[in-house]
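Me: Could you take a close look at one charged residue in this model for me? I'd like to know how its surroundings are put together.

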Amino acid sequence: AGLMGNRFSLGFLAETENQVFAHLSSHLEKLPQQDDKSRKILEQMRQEEAEHASNAMHHGGSSLPFPIKEAMRLMSKIMTCITFHL
C-alpha cells in the first residue's frame with residue numbers, strides 16, 4: 001500500500017481499522033451481557049479503532065475501491081480461519 005502513495009496508504013489503514021471495528025462489534029454481539037469486564041475492554045478497543053480510521057482519513061486518506069475492500073475482508077477471513085485451526 002505504501003508504494004501507491006500516502007492517500008492510498010492512509011486509506012488502506014482506515015479500511016483496516018474499519019474492518020477491525022466490525023470484527024470487534026461481532027464479538028460484542030456474542031458476548032454475554034453480564035460480562036462487563038470483557039465488554040468494557042472490547043468497547044474501548046472498538047473506540048480506538050474508530051479513532052484511528054478517522055485520523056487516517058483526516059490526514060488525507062482516500063476511500064478504497066470496493067473490490068480492494070472485499071479482497072481485504074476475504075484475506076482477513078482466511079487468516080482468522082487459519083489462526084483458529086492452529
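**Glutamate 17 and its surroundings**

Reply: Sure. Keep in mind that this is a predicted model. Glutamate 17 sits in helix H1, so let's begin with that helix. H1 covers residues 6-30, and its 25 residues should span 36 Å at 1.5 Å a residue; the end C-alpha atoms are indeed 36 Å apart, so the expected and modelled spans agree.

Glutamate 17 belongs to the buried set of H1, which also includes Phe8, Gly11, Ala14 and Leu24. Those buried residues pack against helix H2 (36-58) and helix H3 (66-85). For glutamate 17 itself, once neighbours within four places in sequence are set aside, the contacts are Glu49, His52 and Ala53.

Now the charge. Side chains of opposite charge can pair when their charged atoms come close. Glutamate 17 has no salt bridge despite being buried: arginine 46, the nearest side chain of opposite charge, is 12 Å away. A salt bridge here needs a nitrogen–oxygen approach within 4 Å.

For contrast, look at the 1 salt bridge found in the whole structure. Glutamate 70 pairs with arginine 73, with 3.1 Å between the closest N and O atoms. These two are 3 residues apart in helix H3, so about one helical turn separates them. Residues three or four places apart in an α-helix point the same way, because there are 3.6 residues a turn. Glutamate 70 is partly exposed, at 32% relative accessibility, and arginine 73 is partly exposed too, at 33%. Glutamate 17, by comparison, is buried and has no salt bridge.

Terms used
Residues are numbered from 1 along each chain as its sequence is written. This is a predicted model: local features need pLDDT of at least 70, side-chain atom pairs count only at pLDDT 80 or more; totals for chains, interfaces and linings use all residues. Side-chain values use heavy atoms; hydrogens and water are left out. Helices (H or I, at least four residues) and strands (E, at least two) are DSSP runs, numbered from the N terminus. The expected span of a helix is 1.5 Å times one less than its number of residues. Buried means under 20% relative accessible area, exposed over 50%, partly exposed in between (1.4 Å probe, protein chains only). Contact means heavy atoms within 4.5 Å. Lys and Arg count as positive and Asp and Glu as negative; His and the chain ends are not counted.
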